[in-house]
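Student: I should like to work through this structure with you, step by step. May we begin by looking at the sequence and the model together?

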Amino acid sequence: YKAMENIYGCLKNDGLLFLTVPFGIKSVNKQQRVYDLNSLEKLLHEKFTIKKLNFSVLTESKNNNFFWQMVDLQKVQSVRSDDKTKAVALCIAQKI
């Protein structure tokens with residue numbers, strides 16, 4: 001949360017924050033913190049208003065290439081990203 005305080009201090013009033021975080025079933029490990037909707041809202045609480053929130057999951061194509069596919073909240077909230085990031089939340093938030 002210290003980093004968010006630093007970002008908040010750097011932004012102008014009404015400035016926009018473009019934030020991408022690992023998303024799905026909430027967890028913390030040595031390499032990342034995975035957010036669910038409640039923990040993402042808590043991270044931004046009282047300092048930012050969420051203007052836009054999109055979700056993407058890592059998807060494998062038929063020729064074994066990977067790409068990020070946009071999905072709705074229902075599809076992404078049950079994704080486990082314990083070993084590597086398999087889903088992300090893409091957030092645009094405005095400084096209050």
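**Sheet, core and aromatic pairs**

Student: How many bridges join strand 4 to strand 5?

Tutor: This is a predicted model, in which local features need pLDDT of at least 70, side-chain atom pairs count only at pLDDT 80 or more, and totals for chains, interfaces and linings use all residues. Residues are numbered from 1 along each chain as its sequence is written, and side-chain values use heavy atoms, with hydrogens and water left out. Strands (E, at least two residues) and helices (H or I, at least four) are DSSP runs numbered from the N terminus, and two strands pair if DSSP finds at least two bridges between them. Strand 4, residues 48-60, runs antiparallel to strand 5, and the number of bridges joining them is 6.

Student: Which residue is the bridge partner of S56 in strand 5?

Tutor: The pairing of strand 4 with strand 5 is antiparallel. Within strand 5, the bridge partner of S56 is M70.

Student: In what order do the 4 strands of the open sheet stand?

Tutor: Strands of a sheet pair through backbone hydrogen bonds, either parallel or antiparallel. Here strand 4 is joined to strand 6 by 9 bridges, and strand 1 pairs with strand 6 over 7 bridges. The sheet is open and its pairing antiparallel, and the order is 1-6-4-5.

Student: Which strands stand at the edges?

Tutor: An edge strand here has a single partner strand, so one side of it is left without a neighbour in the sheet. The strands in that position are strand 1 (16-22) and strand 5 (66-71).

Student: Which residue of strand 6 stands opposite L17?

Tutor: Strand 1 and strand 6 pair in the antiparallel sense. In strand 6, K52 has I92 as its bridge partner, whereas the residue opposite L17 is A93.

Student: Which element gives the most residues to the largest nonpolar core?

Tutor: A nonpolar core is a set of buried Ala, Val, Leu, Ile, Met, Phe, Trp, Tyr and Cys residues joined through side-chain atoms within 4.5 Å; buried means under 20% relative accessible area, exposed over 50%, and partly exposed in between, with a 1.4 Å probe and protein chains only. The largest core has 20 residues, and L17, L19, F23, L40, L44, F48 and V76 have the most contacts inside it. Strand 1, helix 2 (37-44), strand 4 and strand 6 (87-95) each supply at least two of its residues. The element that gives the most, with 4 residues, is strand 6.

Student: Is L40 buried or exposed?

Tutor: L40 is found in helix 2. Leaving aside residues up to four places away in sequence, L40 touches L19, V21, F23, Y35, L53 and A89, where contact means heavy atoms within 4.5 Å. With a relative accessible area of 0%, L40 is buried.

Student: Why is the pair of Y8 and F48 called edge-to-face?

Tutor: Rings of Phe, Tyr and Trp (its six-membered ring) pair if their centres lie within 6.5 Å; planes under 30 degrees apart count as stacked, over 60 as edge-to-face and the rest as tilted. The search of the whole structure finds 2 aromatic pairs. For Y8 and F48 the centres are 5.7 Å apart and the planes stand at 90°, so the pair is edge-to-face.

Student: How many residues apart are Y8 and F48?

Tutor: Y8 is partly exposed at 21% relative accessible area, whereas F48 is buried at 6%. Y8 belongs to helix 1 (residues 2-10) and F48 to strand 4, and their separation along the chain is 40 residues.

Student: At what angle do the planes of F23 and F55 stand?

Tutor: F23 is buried, with a relative accessible area of 1%, and F55 is buried as well, at 7%. The ring centres of F23 and F55 are 4.9 Å apart, and the pair is tilted because the planes stand at 45°.

Student: Where does F23 lie?

Tutor: The pair ties together parts that are 32 residues apart in sequence, since F55 lies in strand 4 and F23 in the loop between strand 1 and strand 2 (27-28).

Student: Near what value is phi of N64?

Tutor: N64 is found in the loop between strand 4 and strand 5, and N64 is exposed, with a relative accessible area of 54%. Phi of N64 is positive in a residue other than glycine, with a value near 65°.
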